[in-house]
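This briefing covers empty space, one helix, backbone exceptions and two residue environments. Please read it beside the sequence and the 3D view.

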Amino acid sequence: MFKRNKHGIQIKTPEQLEKMRAAGLVVGRTLELLKRSVEPGITPADLDAIAEKAIRDEGAIPSFKGYQGFPATICASVNHEVVHGIPTDRRALREGDVISIDCGAILDGWHGDAAVTVPVGEVEPQLTELMRVTEEAMWRGIAALTVGRHLSDIGYEVERYVRSQGRYGIPQEYGGHGIGTAMHMDPWVANHGRPGRGPRFEPGMCFAIEPMVNLGTDRTRVLADDWTVVTLDGKASAHFEHSVAVTHNGPWVLTALDGGKARLATLIEQSTQKSQQARTQAESGGDDDPGDAGL
């Protein structure tokens with residue numbers, strides 16, 4: 001039996017979080033290997049074989065393979081494919097493509113799950129920007145995982161950042177999830193919505209945070225293979241994901257090799273600077289600024 005809160009969300013002990021971290025590091029190291037392996041001429045099936053060997057060499061099990069009939073170790077989604085692409089050797093990657101690689105592993109009964117989108121050689125600037133926006137949105141969502149905040153704050157922060165960057169589509173029907181002794185656990189984690197709703201975060205909760213952002217419409221469809229999700233307008237999509245634990249010291253990114261320290265430190269510094277600027281403006285403006293009246 002595992003401890004759960006009143007909303008049914010699994011609560012991990014510190015010892016169990018260490019096991020989650022071990023599984024997460026298998027995924028993190030595998031994705032780093034796959035990122036280095038992406039180049040023109042390689043096929044998604046080649047990447048799948050690399051991933052399976054890397055995971056099994058660490059004594060772990062690919063969590064995607066066989067999951068509800070999925071036939072591979074990774075999901076490999078190219079260009080307009082949003083998520084759940086089945087890796088094949090029918091088409092080699094070409095210069096200018098982007099590929100989203102989603103990877104999961106089970107170690108000692110605990111799951112890790114993460115995803116990256118990788119450029120194939122030189123890509124168009126709009127694709128580079130799409131990847132940047134999606135990854136940054138993920139980190140904004142991760143930064144919301146502090147004790148006392150609410151589940152919906154993740155999606156709020158993700159959506160708020162994406163909307164601030166331009167006209168992008170956020171598929172409404174796909175999102176993150178709880179993770180622990182199973183890959184997909186309650187609750188579902190939306191990439192949109194209003195803040196301050198849903199369960200409050202407690203230490204020991206773990207979530208997979210995974211925004212998907214499209215270059216065009218947010219509308220999607222599923223191909224005849226019953227897995228691959230593509231954008232309805234055929235424009236490119238990006239997908240980033242990390243598994244994250246809530247702790248008293250802030251988010252612990254279980255699938256990031258540094259635990260998320262570098263990126264979260266930057267976000268905290270930026271937040272502190274903004275707060276200081278706001279205080280300075282308030283102190284210098286005082287009551288003489290009529291623009292503050294009635295706000």
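On a 1 Å grid over the protein atoms alone, a cavity is a set of points where a 1.4 Å probe fits but cannot get out, and a pocket is an open set with protein on both sides within 12 Å along at least five of seven lines; lining residues have an atom within 4 Å of a point. Grid points are joined across faces, edges and corners, and a volume is the space filled by probe spheres set on the points. This is a predicted model, in which local features need pLDDT of at least 70 and side-chain atom pairs count only at pLDDT 80 or more, while totals for chains, interfaces and linings use all residues. Residues are numbered from 1 along each chain as its sequence is written, and side-chain values use heavy atoms, with hydrogens and water left out.

**Cavity and pocket**

- The whole structure holds 1 cavity of 30 Å³ or more, and the largest cavity encloses about 40 Å³.
- The lining of the largest cavity is formed by Arg-4, Ile-9, Gln-10, Lys-12, Gly-178, Ile-179, Met-185, Asp-186 and Cys-206.
- That lining has 4 nonpolar, 2 polar and 3 charged residues (Ala, Val, Leu, Ile, Met, Phe, Trp, Tyr, Cys and Pro count as nonpolar, Asp, Glu, Lys and Arg as charged, and the others, Gly among them, as polar).
- The largest pocket has a volume of about 690 Å³; among its 23 lining residues, Ala-143, Ala-144, Leu-264, Leu-267 and Ile-268 are the closest to its centre.
- Two or more lining residues of the largest pocket come from each of α3, α4 (152-165), β14 (250-253) and α5 (261-285), and α5 gives the largest share, 8 residues.
- Helices (H or I, at least four residues) and strands (E, at least two) are DSSP runs, numbered from the N terminus.

**Helix α3**

- Helix α3 (residues 125-143) has 19 residues, and its end C-alpha atoms are 27 Å apart, in agreement with the 27 Å expected at 1.5 Å a residue (1.5 Å times one less than the number of residues).
- Buried residues in α3 include Leu-127, Leu-130, Met-131 and Trp-139 (buried means under 20% relative accessible area, exposed over 50%, partly exposed in between, with a 1.4 Å probe and protein chains only).

**Backbone exceptions**

- Most residues other than glycine have a negative phi, and most peptide bonds are trans.
- The peptide bond between Asp-186 and Pro-187 is cis, with omega about 5 degrees; Pro-187 is in strand β7 (residues 185-189).
- His-84 has a positive phi, near 65 degrees, and is in the loop between β3 (81-83) and β4.
- Asp-226 also has a positive phi, about 70 degrees, and lies in the loop between β10 (220-222) and β11 (229-231).
- With a relative accessible area of 28%, His-84 is partly exposed, whereas Asp-226 is exposed at 64%.

**Ser-100 and Gln-16**

- Ser-100, in strand β4 (residues 98-107), is buried because its relative accessible area is 3%.
- The side chains of Ser-100 and Thr-117 make a polar contact of 2.8 Å (a pair of N or O atoms within 3.5 Å; within protein, one must be able to donate a hydrogen and the other to accept it, and residues adjacent in sequence count only if both atoms are side-chain atoms).
- Gln-16, in helix α1 (residues 14-37), is buried at a relative accessible area of 17%.
- The Gln-16 side chain reaches the backbone nitrogen of Thr-13 at 2.9 Å.
- Not counting neighbours within four places in sequence, Gln-16 is in contact (heavy atoms within 4.5 Å) with Phe-2, Ile-11 and Trp-110.
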